[in-house]
Amino acid sequence: RSALSQLYGGKPVYHYQALVEKGLRYVHTMPLWLEAYEGADHFDELFKGCCAAVDFPTSLPCFIFRLADKYPDAKVILTVRDAESW
């Protein structure tokens, strides 16, 4: 998250931790994510002001292809690590 932010001039990167770090300022996004899970397109609103998105919930299989279709010029970085290393 911090590396992407640095690459994009300090712009924010969407990460679920923002919900925890910023608390109530982002609590309004939870219903939007639930609706997006059911097929609604709230991605522009959810990612407003962000230069990238990482980890949960954007990495959920129900979102990956929809996000790739919506943002065809976006770069996708897939990292793989041994589950035991966590």
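A disulfide is a pair of cysteine sulfur atoms within 2.5 Å. The exercises below apply this cut-off and others to a predicted model.

**Exercise 1.** Determine which of the elements of the chain has the lowest mean pLDDT and which the highest.

*Solution.* Begin with the chain: its mean pLDDT is 83, and 92% of its residues reach 70 or more. Next, consider the elements. Helix H2 (residues 17–22) has the lowest mean pLDDT, 70, whereas helix H5 (residues 61–70) has the highest, 93. Where pLDDT is low, the predicted coordinates should not be read in detail.

**Exercise 2.** Establish how many disulfides the structure holds, and explain why the sulfur of Cys-62 forms no bond with the closest cysteine sulfur.

*Solution.* The structure holds zero disulfides. For Cys-51, the nearest cysteine sulfur is that of Cys-50, 7.1 Å away. For Cys-62, the closest cysteine sulfur also belongs to Cys-50, but it lies 18 Å away and is therefore too far for a bond. Finally, consider accessibility. Cys-51 is partly exposed, with a relative accessible area of 24%; Cys-62 is likewise partly exposed, at 28%.

**Exercise 3.** Describe how helix H3 (residues 29–37) and H5 pack.

*Solution.* First, take the geometry: the angle is about 85 degrees, and the axes are 10 Å apart. Angles of 65 to 115 degrees count as roughly perpendicular, so H3 is roughly perpendicular to H5. Second, identify the residues: Trp-33, Ala-36 and Tyr-37 in H3 meet Cys-62, Phe-63 and Arg-66 in H5. Third, sort them by class: the contact has five nonpolar residues, no polar residues and one charged residue.

Note on methods: Residues numbered from 1 in each chain as written. Predicted model: local features only at pLDDT ≥ 70, side-chain atom pairs only at ≥ 80, totals over all residues. Heavy atoms only, no water. pLDDT = per-residue confidence, 0-100. Helix = DSSP H or I, 4+ residues; strand = E, 2+ residues; numbered from the N terminus. Buried < 20%, exposed > 50% of the residue type's maximum accessible area, 1.4 Å probe, protein only. Axes fitted to C-alpha atoms, helices over the stretch in contact; angles between N-to-C directions. Parallel < 35°, antiparallel > 145°, perpendicular 65-115°, else oblique. Contact = heavy atoms within 4.5 Å. Nonpolar A, V, L, I, M, F, W, Y, C, P; charged D, E, K, R; others polar.
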